[in-house]
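This report goes from the chain as a whole to its nonpolar core and then to a single residue. Please look at the sequence and model below before reading on.

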Amino acid sequence: TIGDNIYNANIGNVGIGVVSPSAKLDVGGHIWQSGVGNSVFLGRQAGNSDNYSDNINVFLGYQAGFSNTDGENNIASGGQSLLSNSTGGRNIAIGSGSLWFNGTAENNISIGYTSSAKGIQSL
């Protein structure tokens, strides 16, 4: 340990609930995130601005949902997808850069690399 951090500098793998880990981090069972408002954030700076209220968002990838504060029921998968969304809800962005400049729009679906990156088409 160093301060409040726990680390393992070994070149091997770490297993939690697994006897023979087969990846750098191998977890046997569910992984829970607490204190994120029933949302899931996976990726560096994903959900960076979220207020952690009960937003129920899923942001996967580098900076996915980065600016979201209290937008609800959004799904963003891909680097910088739904990047500028702050309060918009019920959006689905799949693909890097999709719905990039969403802001506050709601009820959008965008699939593909940089699809709807500058313009929003509401359904």
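## Charges

In what follows, Lys and Arg count as positive and Asp and Glu as negative, while His and the chain ends are left out. The model is predicted. On that basis the protein chain carries 4 positive and 7 negative charges, and the mean positions of the two sets lie 15 Å apart.

## Overall form

The protein chain has seven strands and zero helices. Read from the N terminus, the order of elements is β-β-β-β-β-β-β.

Along the principal axes, the C-alpha atoms of the protein chain fill a box of roughly 50 × 30 × 25 Å. Its accessible surface is about 7500 Å², and carbon and sulfur atoms contribute 55% of that area. Buried residues make up 32% of the 123 in the protein chain.

## Nonpolar core

The largest nonpolar core consists of nine residues: Val36, Phe41, Ala46, Phe59, Ala64, Ala76, Leu82, Ala93 and Leu99.

With residues up to four places away in sequence set aside, Ala46 touches Phe41, Phe59 and Ala64, and also Gly61 and Gln63. Phe41, Phe59 and Ala64 are, like Ala46, members of that core.

## Ile75

Strand E5 covers residues 75–77 and includes Ile75. Is Ile75 buried, partly exposed or exposed? Ile75 counts as partly exposed because its relative accessibility is 38%, and the partly exposed class lies between 20% and 50%.

Beyond its neighbours within four places in sequence, Ile75 is in contact with Val58, Asn91, Ile92 and Ala93. Of these, Ala93 belongs to the largest nonpolar core. Gly3 is 72 residues from Ile75 along the chain, and their C-alpha atoms are separated by 36 Å.

Notes
Residues numbered from 1 in each chain as written. Predicted model: local features only at pLDDT ≥ 70, side-chain atom pairs only at ≥ 80, totals over all residues. Heavy atoms only, no water. Helix = DSSP H or I, 4+ residues; strand = E, 2+ residues; numbered from the N terminus. Buried < 20%, exposed > 50% of the residue type's maximum accessible area, 1.4 Å probe, protein only. Contact = heavy atoms within 4.5 Å. Core = buried A, V, L, I, M, F, W, Y, C linked by side-chain atoms within 4.5 Å. Areas by Shrake-Rupley, 256 points an atom, 1.4 Å probe, with all protein chains shown as cover. Charge placed at Lys NZ, Arg CZ, Asp CG, Glu CD.
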